Each structure stands twice: as C-alpha cells, then as structure tokens.
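Reader: I am in my first year and still learning to read protein models, and I would be glad of a close look at one part. Could you take me slowly through the side-chain contacts, starting with the charged ones?

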Amino acid sequence: MNRTLGVCYYPEHWPEAQWADDAARMAKLGLSHVRIGEFAWSRLEPKRGAYDFDWLRRAIDTLHAAGLKVVLGTPTATPPKWLVDEMPDMLPVGADGAVRKFGSRRHYDFSHDGYLEECKRITLTLAKAFGEHPGVTVWQTDNEYDCHNTTLSYSPAARVGFQAWLQQKYQSPDSLNRAWGNVFWSMEITEFGEIELPNLTVTEANPAHVMDFRRYASDMVVRFNKAQADIIRAHSPGRDVIHNFMGRTLAFDHFAVGADLDISSWDSYPLGFLEDRSDQGDAWKQQFARAGDPDFQAFHHDLYRATSKGRWWVMEQQPGPVNWAPHNPAPRDGMVRLWSWEAFAHGAETVSYFRWRQAPFAQEQMHAGLLAPDSIEAEGFFEAAQVAKELASLETELEANPGRADVAIVFDYASAWAWEIQPQGREFDYFRLVFDFYRSLRKLGLSVDFVPASAPELEGYPLVLIPGLFTWTPGMVDAIRTYDGQVLIGPRSGSKTDDFAIPESLPPALPANILGVRIARVETLRADTPVQLTKGGTFQFWREFLETGQGTETILTAEDGVPALVKQGNVHYLGGWPDQDLLKDILLRLTNEAGLTTKELNDGVRLRRHGKHVFAFNYSAASFDLALLGWAGTPLLGKLVLEPSGVSVVPLPDAGY
C-alpha cells in the first residue's frame, strides 16, 4: 500500500491566477491528493440548468498537471438558494418544529424525494463531465452526514416517508400496534396515515415508535448515499467512492452506509473533540488541551476501518487551531505529525489536511490551514512536510495493513439509539460505555478491532467484548456459541427485544447452555452513590441484580452479596458499569485467560501493533522511556525515549510485545 498525504482545497475561493502556484507548492510539499468541489453547487449551477463547469475543469487540469490526484466531491451538502426557493419544503425541521433555514450548510431533508432527485441530477451531470478525467481518482459523496444534527428531521416529507416505511415493515396496523405495545396509554392506530412523528409529545414518546423512526432516518441516509454512489460507479469506472464521517456521530448506521463505499474516511479534530465531545473532567482536558485525548482518534480510526472492510482515510486532519469548539488552543509542537502517523499506524491509506489556506472570510475564517491567509506557511505545513519525508523513507519497511488486532469489540449503532431513547439513568450513554472499554484495553497496550453486531466475525480473536448491546441480532448468539475465545458481555446487553420490549425470559436473554443468568432488576446510580465490590472497585451509573443458574460461577460479588461478574465456560457477564480500576482488573484477568501479553501504560503513552511493527505515541507533556516496557534496539522511526509528541516505530521481535 502506498501511504499518501492530501489536502482540502477550494479553488473557487481564490483567484485563478493563484491555482498553479498552489498546485506546485502542494506537490513540492509531498501531497498526493487534493479534495475539491464539495461545497460549490452555486458556482457549478448558478441557475437551474445553467451549468458552469469550465472553471472546475480548469482547476482539475491545473492540479493534474502538477501530478496531483483529485478527490471530487458532490456538492449536495450545500444546495443553492434558487433550489431552496423552488422547493422550500426540502428544508429540514428540528424536533422543536422549527424549519432550519438557508444560510449555512446541510439545509436539506434526507426524506425529501424531490431533493434526492435533484442530488441525483447534479451527481449524474458531474459524473458524465468528469467521470473519466484522468485527474479524478476518487469521488466523495456529499460531506459529513449528520453534521449539525441533520439526520433527524420532523418535516411533512419525513412523516409521509416514515408512514410508508412502517407500512412496508408491519403490513397491518394491528401488527404495528402489537409490536409497539400501543395498548398502553391508548396509543393504538387504525391506519398508517394516523402515525405522527415522535416529537412535540406531552411527555416521552413510545420508545418503540422512536426506535423505528431512528431506523427509518438511518435508512434514508443509506438511500441518499447509495443513490450517488451508484451513479458515480456507472459513469466513472475504476474510481473509488468515499465519504467523510465525523467523531462521536451515531445518528445513522455507518456500517450500512459503508457497505456502499469503497473507502470510509473521517474528519479528525483532536483538540476540538476534546473540548466538545469528551466525557472527561476539566483536569483531563487541561492535561491534554494541546494534544487531544490519547484514545479518541484511535477509537474512530479503528471503528471506521471496520465500516468499509479495511480501507479508510482521514479526509480532514486538524492542522492548527479550529473555530468551532468552546475553546480552540493551538496544537503542541509535533502533534500534527503524531496525529498523522497514528492514522497510518491504524491502517489509513491517506491523511488529508484541512485546509490548504486559511479562509479570510465567512464562517470558518478562524480555522487554521497549512497556509495562513497571506499564503505564508503555518506550523502545520512544516509538520506535514516532515511526515511526507518520513513516509518516503519508511514506505518499503512497513506492512500494507495492520493485520488482525488482539481484541475485538462488537459495536452497534442501534444500541446507541436505544440508550439515548431510554437511558434510564442520566449518565448511561452507549458511546461512553464502549469508549471506557476501549480506553482500558489501550492502556494495557492492546490493539483493537471493531466488528458489527449485524455480521459478527469473532473467530481468530483471543478476546471479544460486547458492551451494552441493545438486542441480540440474528447470528450474534450463534457466533458466541461457536466462538472458542474469551467473551466479556457488558451491562445492559440483550436487555430488550427488537421491538424495544423486555424479553419474556428477562435479560440478558441468552440460552441457558451459553449463560444461565437472569437479571431480576436494575438500578441507576448517582455519581456519589457507587456500589462497592468486595475485592475492590465499584459499579458506577448502572448496576444489575443477577440471579445465576446451575453451571454459572460467580467471580466477583458486590458488598451486598449480589453477583457482579459471572462466568459460564468461556462466556463472562458483567452486571454493572465498572470504574476504571475495576475494569482494568477484569481485563487483566480475561487477557491472562486469553493468553494475551499486556503492558500497563500511563495516561498519555499508547501503542498500536501494525504487522511486524509496533508504533508508540506520546500524548503527554513528559518524556517516556520505552525501555521500561522491555524494548531495546534501534527504532525504524524515532527514539526509545519518547519525547512529548514523540512517535517511534519498533520492529515487533525487538519489542518483546
């Protein structure tokens, strides 16, 4: 695999006389790919049918002449004003019933059939015009699905579409009434046209109703993306189709969207995400304010690698301060380089920086680029140049992909929707639960893969974790039954049916020959009222009262005598949300049983196995000597003493890993 660097560029923002110089500087820097066009609909079609593609063709020709490969975006994230005026009902509607107006971006409703047809039209026209251009090697569909919370719309178009979706699923109102339990509170309907959207109700809507609406909304994103991907493939053969996902964005099923992509990508903004999307407290945010959370980027690298069967990019890598977080510090020296190398360690094909030149106007003028607005090189420029040189020197030394990781985590977007709909406790959040497990594995020096609950492939992993799974998907129980490694099932797994009801046999609803456990009741806990376990550690936020059957061994117990961790064969069940120390102890027990070697790391140092090499990264502000882990010899990259923001690559045999 040829690892490359790229950049996001907006030729329509700059004088055409500047394009050739920009392209030459990009190539000299060591960039290979340039993404353009994803926000340019008003310039591509100023009026209906009045296409102006000449400027785009000249831009592509200019970049191609400099030896650069173009990633061409469909412009559907920013429909122009004339189109909104033609069909004002294409605008999305918030949960508060207010129309979300024109004036920024993503002002469209995935459910609107008319807008979908317009997107297909502009995509088809672009694909016919540029589909075989030698400079266009990749197509990006739209931009950042669900950015600004735009998956869910409560519009008339969504209501009509949802009703049709439900009719196809349930066939009859009686079937829907039974599935949703509509006898409760006299919610029964007699025809599908009576169904409203689950917003603006006096109190909470029926969770089964909301869950189906979330499924419907996700299907609309899949439909929207597939429509564009199919057109591009028909008219631009041999080119890859990609989309750029976002951090901690769970409103649609990324595995389902990824099934129609050649490559998944995501937009990595470590400092913005630490401020904007972290559950950690102020002390943690202060510690890593200029580095980013040591596990957040890695989590998404591993997750999005799984959504498209291994092929993935970073489409937008933060190069300096951003403009959208509560606070926007500058990265510590060396962190742009570290973030880039960390992506490659997790198997990225390309890391693309956002953006080439900082814009001096409009909403993102405070967002740094590789160049300042006056075209002088910014700090990120020099770190990107260093990565380009290092890539060139190491390309033949590194394997094409990371290979199978030590541990697999089952991830499920429907579970995220379910526990948002019915959290039961304020702190219960699916992402946060899974991320706690992921972070604990990383602090033990382990590498992680994600697998979808819809198609679990568990064989080959010594250890598999299944935290918080909403319901057992078809095939998941069979996968556990035939799997011979160690399994840890986390709290709240299997606690609902697919129709959002408590299973008749009570959770976790597994066959007795797999796990003879019955959860009689649950409780949610204030942060200041944890449940203490007899051997140390606590349950926080969530706790279950387990009743065990014959053949089930109790490993850990709460101080009130209730089983906390039980085991039957190779299957373990954890009846609560463990604190960090307890989770570490449990994982050490399981990794030992699984035959995995662990290395206990501090808060800021992380490892990632990649083929026959191990990458080491230092997010902390203090140096760390890798010799403390038993490493010796000369690294391929970096030194054994990791300085702050340091990166080292050590051959696996020397690592004693």
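Author: What follows is a walk through the side-chain contacts of this model, which is a predicted one, beginning with charged pairs and going on to rings and the backbone.

A good place to start is helix α5, which covers residues 113–130 and contains Glu-118. The side chain of Glu-118 is joined to that of Arg-48 by a polar contact of 3.2 Å. Glu-118 has a relative accessibility of 10%, so it counts as buried, the limit for that word being under 20%. Arg-48, on the other side of this contact, has a relative accessibility of 38% and therefore counts as partly exposed.

Arg-48 also has a second partner, since it forms a salt bridge with Glu-86 in which the closest N and O atoms are 2.6 Å apart. This salt bridge links distant parts of the chain, for Glu-86 belongs to helix α4 (residues 81–86) while Arg-48 is in the loop between α2 and α3, and 38 residues separate them. Glu-86 is partly exposed, with a relative accessible area of 45%.

Helix α5 is tied to that loop by another charged pair as well, because the side chains of Arg-121 and Glu-45 meet in a salt bridge of 2.8 Å from N to O. Here too distant parts of the chain are linked: Arg-121 is in helix α5, Glu-45 is in the loop between α2 (41–44) and α3 (54–65), and the two are 76 residues apart. Glu-45 is buried, with a relative accessible area of 0%.

For the structure as a whole, the count comes to 48 salt bridges. One of them joins Arg-526 and Asp-528, with the closest N and O atoms 2.8 Å apart, and in this pair both residues are exposed. Salt bridges can also be linked into a network, as they are for Asp-293, Asp-295, Glu-342, Arg-439, Arg-442 and Arg-606.

From charges we can turn to rings. The structure holds 56 aromatic pairs. Among them is the pair of Tyr-170 and Trp-180, which is edge-to-face, with 6.5 Å from centre to centre and 85 degrees between the planes. This pair links distant parts of the chain, as Tyr-170 is in helix α6 (residues 156–170) and Trp-180 is in helix α7 (residues 173–180), 10 residues apart. Tyr-170 counts as buried at 8% relative accessibility, and Trp-180 likewise counts as buried at 7%.

The rings of Phe-435 and Tyr-438 are arranged in another way: their centres are 6.5 Å apart and their planes meet at 15 degrees, so the pair is stacked. Phe-435 and Tyr-438 both lie in helix α16 (residues 430–443), where they are three residues apart, or about one turn of the helix. Both of these residues are buried.

A ring may also have a charge over it. The charged end of Arg-543 sits over the ring of Phe-545, 4.2 Å from the ring centre, and the charged end of Arg-492 sits over the ring of Phe-428, 4.8 Å from its centre. Arg-492 is found in the loop between β12 and β13, and at 3% relative accessibility it counts as buried. The backbone of Arg-492 deserves a look too, for its phi is near 75 degrees, a positive value in a residue other than glycine.

Asp-146 has a positive phi of about 75 degrees as well, although it is not a glycine. Asp-146 is placed in the loop between β4 (136–140) and α6, and it counts as buried at 8% relative accessibility.

Two cis peptide bonds can be added to these backbone details. One joins Pro-507 and Pro-508, with omega about 0 degrees, and Pro-508 lies in the loop between β12 (486–489) and β13 (517–524). Another joins Phe-354 and Arg-355, with omega about 5 degrees, and Arg-355 is found in the loop between β8 (350–353) and α14 (379–394).

Finally, consider a part of the surface. Val-183, Phe-184 and Trp-185 make a nonpolar surface patch of about 400 Å². Val-183 is in the loop between α7 and α8 (207–235), and its relative accessibility of 65% means that it counts as exposed, since that word is used for values over 50%.

Methods: Residues are numbered from 1 along each chain as its sequence is written. This is a predicted model: local features need pLDDT of at least 70, side-chain atom pairs count only at pLDDT 80 or more; totals for chains, interfaces and linings use all residues. Side-chain values use heavy atoms; hydrogens and water are left out. Rings of Phe, Tyr and Trp (its six-membered ring) pair if their centres lie within 6.5 Å; planes under 30 degrees apart count as stacked, over 60 as edge-to-face and the rest as tilted. Helices (H or I, at least four residues) and strands (E, at least two) are DSSP runs, numbered from the N terminus. Buried means under 20% relative accessible area, exposed over 50%, partly exposed in between (1.4 Å probe, protein chains only). A charge sits over a ring if NZ of Lys or CZ of Arg is within 6 Å of the ring centre and within 35 degrees of the ring normal. Patches are made of residues with over 30% relative accessible area and no salt bridge: like charges are joined within 9 Å, nonpolar side chains (Val, Leu, Ile, Met, Phe, Trp, Tyr) within 5 Å. Accessible areas come from the Shrake-Rupley method with a 1.4 Å probe; for residues, only the protein chains shown count as cover. A salt bridge is a side-chain nitrogen of Lys or Arg within 4 Å of a carboxyl oxygen of Asp or Glu. A polar contact is a pair of N or O atoms within 3.5 Å; within protein, one must be able to donate a hydrogen and the other to accept it, and residues adjacent in sequence count only if both atoms are side-chain atoms.
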